[in-house]
Amino acid sequence: MSTAVVTGASSGIGAATARRLAAEGFEVVLAARREERLRALAEEIGERARVHVTDVTDADSVEALADAVDKCAVLVANAGGALGFEPVAEFDEGQWRWMWDANVLGMARTVRAFLPKLIASGDARIVVVTSIAGHQSYPNGAGYTSAKHAAAAVVDTLRVELLGQPVRVIEIAPGLVDTEFSTVRFEGDAERASEVYKGLRPLTGEDVADAIAYAVTRPWYFTVARMDLFPRAQANARDNYRAPDEAGGAAR
Ligand SMILES: NC(=O)c1ccc[n+]([C@@H]2O[C@H](COP(=O)([O-])OP(=O)(O)OC[C@H]3O[C@@H](n4cnc5c(N)ncnc54)[C@H](OP(=O)(O)O)[C@@H]3O)[C@@H](O)[C@H]2O)c1
């Protein structure tokens, strides 16, 4: 049975991906900081799941994760997120430092730690969850968009550097997905977070997991280099259609 390591598996896209990859027949290693969440998910998935508490902003923690996994064919580097929503003129250094550490360095640390095992698998797939924010910008989002642009640049570079190796490098770039992402961004302000999805039907973590499952189950010679995933009501990182009279926008 092939092993898939999923970072950021304690909620949202990562949790849905771990569930889905287990259903596809992978043994899954669930990595994130919140142990209780990981344990609950592992119990739900059953014997195919293992937990490893990991903080991707800590190089030793990422190395310990890699040391704890004997074999790895699929790495889903998904851990990350956004903090804050201010113009550049007012940016918060602590928030930007965290975003760059988690989304860029954290992802690169994880790839570096697992690369020898991935190559040894003979058919490695590295999936990096970036964002449409890795390719387009929007006002008040520069801390996050700059971090995700950097992450996308790392992914492009990796694909060239690994040419000739048995590794496929896959970028998943979602738009609006209804997870804990906005609650984290607005530091627990649920009302502000719900405004992000108001009047439209966002994607779910399961929708993104479906795309990841497709990408990692293609035959060995077929690389899904990048997938941009939007709800129908989204055209790019800035333009959304919001139905004026609906709270949830279920049919929109
Ligand atoms: N939701 C969206 O609209 C959207 C759109 C495009 C891209 N994305 C990207 O998708 C990825 C997953 O986000 P999500 O939407 O599923 O949000 P989420 O529900 O907030 O999940 C974020 C995950 O990342 C983990 N994480 C954060 N910092 C970490 C750290 N230092 N070490 C280890 N794990 C860490 C969290 O776990 P712990 O807190 O337990 O550590 C959690 O499992 C992120 O990279 C995000 O930027 C999201």
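A polar side-chain atom of S10 lies 2.7 Å from an oxygen atom of the ligand. The model is predicted, and 32 residues are found around the ligand in it. A search of the whole structure finds 15 salt bridges, and a nonpolar surface patch of about 520 Å² includes Y221. The points below take the ligand site, the salt bridges, two threonines, two positive phi angles and the surface patch in turn.

**Ligand site**

- Among the 32 residues around the ligand, those that come nearest are S10, S11, R33, Y144 and T179.
- The side chain of S11 places an N or O atom 2.7 Å from an oxygen atom of the ligand.
- G8 takes part through its backbone, where a polar atom is 3.0 Å from a ligand oxygen.
- The ligand taken alone exposes 870 Å², and the protein buries 96% of that area.

**Salt bridges**

- R19 and E206 meet through their side chains in a salt bridge, with an N to O distance of 3.9 Å.
- R19 belongs to helix α1 (residues 12-23) and E206 to helix α8, so this pair ties together parts that are 187 residues apart in sequence.
- R19 has a relative accessibility of 33% and therefore counts as partly exposed.
- E206 is also partly exposed, its relative accessible area being 48%.
- D101 and R109 form a salt bridge in which the closest N and O atoms are 2.9 Å apart.
- R109 is buried, at a relative accessible area of 14%.
- A salt bridge links R226 with D228, and the closest N and O atoms of this pair are 2.9 Å apart.
- R226 is partly exposed at 39% relative accessible area, and D228 is partly exposed at 37%.
- R19, E44 and E206 are joined into one network by salt bridges that share partners.

**T54**

- T54 sits in the loop between β3 (49-53) and α3 (59-67).
- Its relative accessible area is 4%, so T54 is classed as buried.
- The side chain of T54 reaches the backbone oxygen of H52 at 2.9 Å.
- Not counting residues up to four places away in sequence, T54 touches A31, A32, R33, S61, V62 and L65.
- R33, one of the residues that T54 touches, is also among the residues that come nearest to the ligand.

**T145**

- T145 is part of helix α5 (residues 142-161).
- T145 is buried, with 5% relative accessible area.
- A polar atom of the T145 side chain lies 3.5 Å from the backbone oxygen of A142.
- With neighbours within four places in sequence left aside, T145 is in contact with A133, Q136, S137 and Y138.
- The C-alpha atoms of T145 and G134 are separated by 5.7 Å, and the two residues are eleven residues apart along the chain.

**Positive phi angles**

- Most residues other than glycine have a negative phi.
- N140 is not a glycine, yet its phi is positive at about 75 degrees.
- The position of N140 is in the loop between β5 (124-129) and α5.
- N140 is partly exposed, with a relative accessible area of 29%.
- E187, a residue other than glycine, has a positive phi near 50 degrees.
- The loop between α6 (181-185) and α7 (190-195) holds E187.
- E187 is exposed, at a relative accessible area of 60%.

**Nonpolar surface patch**

- Y214, W220, Y221 and F222 make a nonpolar patch of about 520 Å² on the surface.
- Within this patch, Y221 comes from the loop between α8 (205-216) and β7 (226-229).
- Y221 has a relative accessible area of 59%, which means that this residue is exposed.

Conventions
Residues numbered from 1 in each chain as written. Predicted model: local features only at pLDDT ≥ 70, side-chain atom pairs only at ≥ 80, totals over all residues. Heavy atoms only, no water. Patch = residues over 30% accessible without salt bridge, like charges linked within 9 Å, V, L, I, M, F, W, Y side chains within 5 Å. Areas by Shrake-Rupley, 256 points an atom, 1.4 Å probe, with all protein chains shown as cover. Salt bridge = Lys/Arg side-chain N within 4 Å of Asp/Glu carboxyl O. Helix = DSSP H or I, 4+ residues; strand = E, 2+ residues; numbered from the N terminus. Buried < 20%, exposed > 50% of the residue type's maximum accessible area, 1.4 Å probe, protein only. Near = heavy atom within 4 Å. Polar contact = N/O pair within 3.5 Å; in protein donor to acceptor, adjacent residues only side chain to side chain. Contact = heavy atoms within 4.5 Å.
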